[in-house]
There are 2 protein chains.
Amino acid sequence: MSARAAPVIILSHPQLGENIGAAARAMANFGLADLRLVAPRDGWPNKKADAMAAGAGGVVECARVFGTTSEAIGELELVYATTARERGTTKEILTPAEAAKRLQAAAARGEKTGILFGNERAGLDNEEISLCDAVITIPTADFASLNLGQAVLLNAYEWFRAGDTTTPARTEHGPLHRKPTREEMFQLFAHLERELESSGFLYPPEKHGTMVRAIRATVHRARLTYQEVQTLRGMIVALAKGKHRVKKDGA
Amino acid sequence: MSARAAPVIILSHPQLGENIGAAARAMANFGLADLRLVAPRDGWPNKKADAMAAGAGGVVECARVFGTTSEAIGELELVYATTARERGTTKEILTPAEAAKRLQAAAARGEKTGILFGNERAGLDNEEISLCDAVITIPTADFASLNLGQAVLLNAYEWFRAGDTTTPARTEHGPLHRKPTREEMFQLFAHLERELESSGFLYPPEKHGTMVRAIRATVHRARLTYQEVQTLRGMIVALAKGKHRVKKDGA
């Protein structure tokens, strides 16, 4: 993760404490800390916000209250307004992903950034939108009904994601999770093929090569760890032993 | 949006109806419709789930209940298990974005896919994880406390996003939002520069060219619509009129 300053989250005229708390939790999960409230309907502090945000890294405790949206975003250099649908404005409309990229770039230049959210009932009014640089609209299916906490969550997530360096696909690597060497794979193949040969599985002889190569391809595709190679060899020993015993008993 | 079959969402042993409802709403927002519940703690149907999911496109009404996780995912061809943290498994661990790409690719091949979520208290157990192809873990900041509804939301969002063709940045285009022609821009420049010239703003003469080019650059950067060009010309007329009147009155 980068150490860039995360965007400020500004909630304009929020109504329900639960939603403020949910927004704070969403922020804390993705490294955002600065929450500002413009004239929250039920006053501040709010017990329902506290309950919903319990443990969310002090985001609610440090939230600041402002009288107007202009004051709340006054010292910021880049601010995006979130809207649920297009509003007949000529402002640029960004996906959360594109907005996150631009917010990261601005933060990298040392700019102070923010994302402004309207309230649960009516969203932002056109006057508030006109104070911002551009608009963020979350693309959805035909049924579009994201609540305030969910909208904050998706934007916070996208901001984190834009600066995140987590490998898209990985496996854990402990001492037993190391990859086997090629030599260890060859030993596995030799062991398996020897036992299959002696059990009569690799029959008829003219198909021997094809069958062996198909089995090796299956094993390779599993991308075994060293530990799994050892387990598999133990399984082969156990299965072959059983077979030899049955043979001895039966024959 | 593609018409690919969206992943099935399977909630294993969910506890709170509210969370089931929130998961259903999250799904509906992003075009997912098939919800399966493994042994929900408080039985099914559940009034709290109904209340939370009100209007969410029938996702809750059509949810199906299964006795075991194996039965719930039995006919699927690709299933990912979600976990909040690494579990000492050698399974591949995917980000939601990478998982979404693979789910879209599988759906494009006609495969039936699903994402399995554990319950609020304990997540999935290792036995359930072992039934799945790989693990999805949502990258977060140090404070990591996403609830079930949020985890479903982020995965549903990523699935939609992976198939979404929304332009990352766009502006609306109505008849008045069309781009001005170059000729219309030249007329604006000529009008503005004529009035600035006659008002004495473009002074001294040797800086005239530099000043005009700087003003044009500012105007270009605003990427005006045709309507905005007309508004700006009206503003220039109004401002210049005022000035002429003052001059007349004052001189």
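1. A:D34 is partly exposed in this predicted model. Its relative accessible area is 22%. That places A:D34 just past the buried class, because buried means under 20%. The side chain of A:D34 meets that of A:R64 in a salt bridge, at 3.5 Å from N to O. A:D34 sits in the loop between α1 and β2 of chain A, and A:R64 in strand β3 of chain A, so the pair ties together parts that are 30 residues apart in sequence. A:R64 is also partly exposed, at 41% relative accessibility.

2. A second salt bridge joins the side chains of A:R36 and A:E75, at 2.9 Å from N to O. It links distant parts of the chain. A:R36 belongs to strand β2 of chain A, while A:E75 lies in the loop between α3 (69-72) and β4 of chain A, 39 residues apart. What is the accessibility class of A:R36, buried or exposed? A:R36 is buried, with a relative accessible area of 2%. A:E75, at 37%, counts as partly exposed.

3. These pairs belong to a network. A:D34, A:R36, A:R64, A:E75 and A:K112 are linked by salt bridges. Over all chains, the structure holds 26 salt bridges. Among them is the pair A:E111 and A:R109, at 2.9 Å from N to O. A:R109 is exposed, with a relative accessible area of 57%. A:E111 is partly exposed, at 22%.

4. Now the sheet. It is open, has 8 strands and shows mixed pairing. The order is β3(A)-β2(A)-β1(A)-β6(A)-β4(A)-β7(A)-β5(A)-β8(B). Which strands form the edges? They are β3 (64-66) of chain A and β8 (169-170) of chain B, each pairing on one side only. Chain B thus contributes a strand to a sheet that also holds strands of chain A.

5. Strands β1 (residues 8-12) and β6 (residues 113-117) of chain A pair in the parallel sense, over 4 bridges. Within this pairing, A:I10 has A:L116 of β6(A) as its bridge partner. Helix α4 (residues 96-108) of chain A packs on the sheet. The helix touches β4 (78-82), β5 (93-94), β6 and β7 (134-136) of chain A, together with β8 of chain B. Its direction makes about 165° with that of β4(A). Helix α1 (residues 17-29) of chain A lies across β1 and β2 (35-38) of chain A. It runs at about 160° to β2(A).

6. The interface between the chains brings 50 residues of chain A into contact with 50 residues of chain B. The buried area is about 4,200 Å², and carbon and sulfur atoms give 53% of it. There are 4 salt bridges between the two chains. One of them joins B:E158 and A:R161, at 2.6 Å from N to O. Polar contacts amount to 14 residue pairs, both residues at pLDDT 80 or more. On the chain A side, α1, β5, α4, α6 (148-163) and β8 (169-170) each supply at least two residues. The largest share, 7 residues, comes from α6(A).

7. Two backbone details deserve a look. The peptide bond from A:W44 to A:P45 is cis, with omega near 0°. A:P45 is in the loop between β2 and α2 (47-52) of chain A. The bond from B:W44 to B:P45 is cis too. A:A39 has a positive phi of about 45° although it is not a glycine. A:A39 lies in the loop between β2 and α2 of chain A, and is partly exposed at 31%. Phi of B:A39 is also positive, near 45°.

Definitions and conventions. Residues numbered from 1 in each chain as written. Chains lettered and ligands numbered in written order. Predicted model: local features only at pLDDT ≥ 70, side-chain atom pairs only at ≥ 80, totals over all residues. Heavy atoms only, no water. Pairing = 2+ DSSP bridges. Contact = heavy atoms within 4.5 Å. Axes fitted to C-alpha atoms, helices over the stretch in contact; angles between N-to-C directions. Buried < 20%, exposed > 50% of the residue type's maximum accessible area, 1.4 Å probe, protein only. Buried area = accessible area lost by both parts, 1.4 Å probe. Polar contact = N/O pair within 3.5 Å; in protein donor to acceptor, adjacent residues only side chain to side chain.
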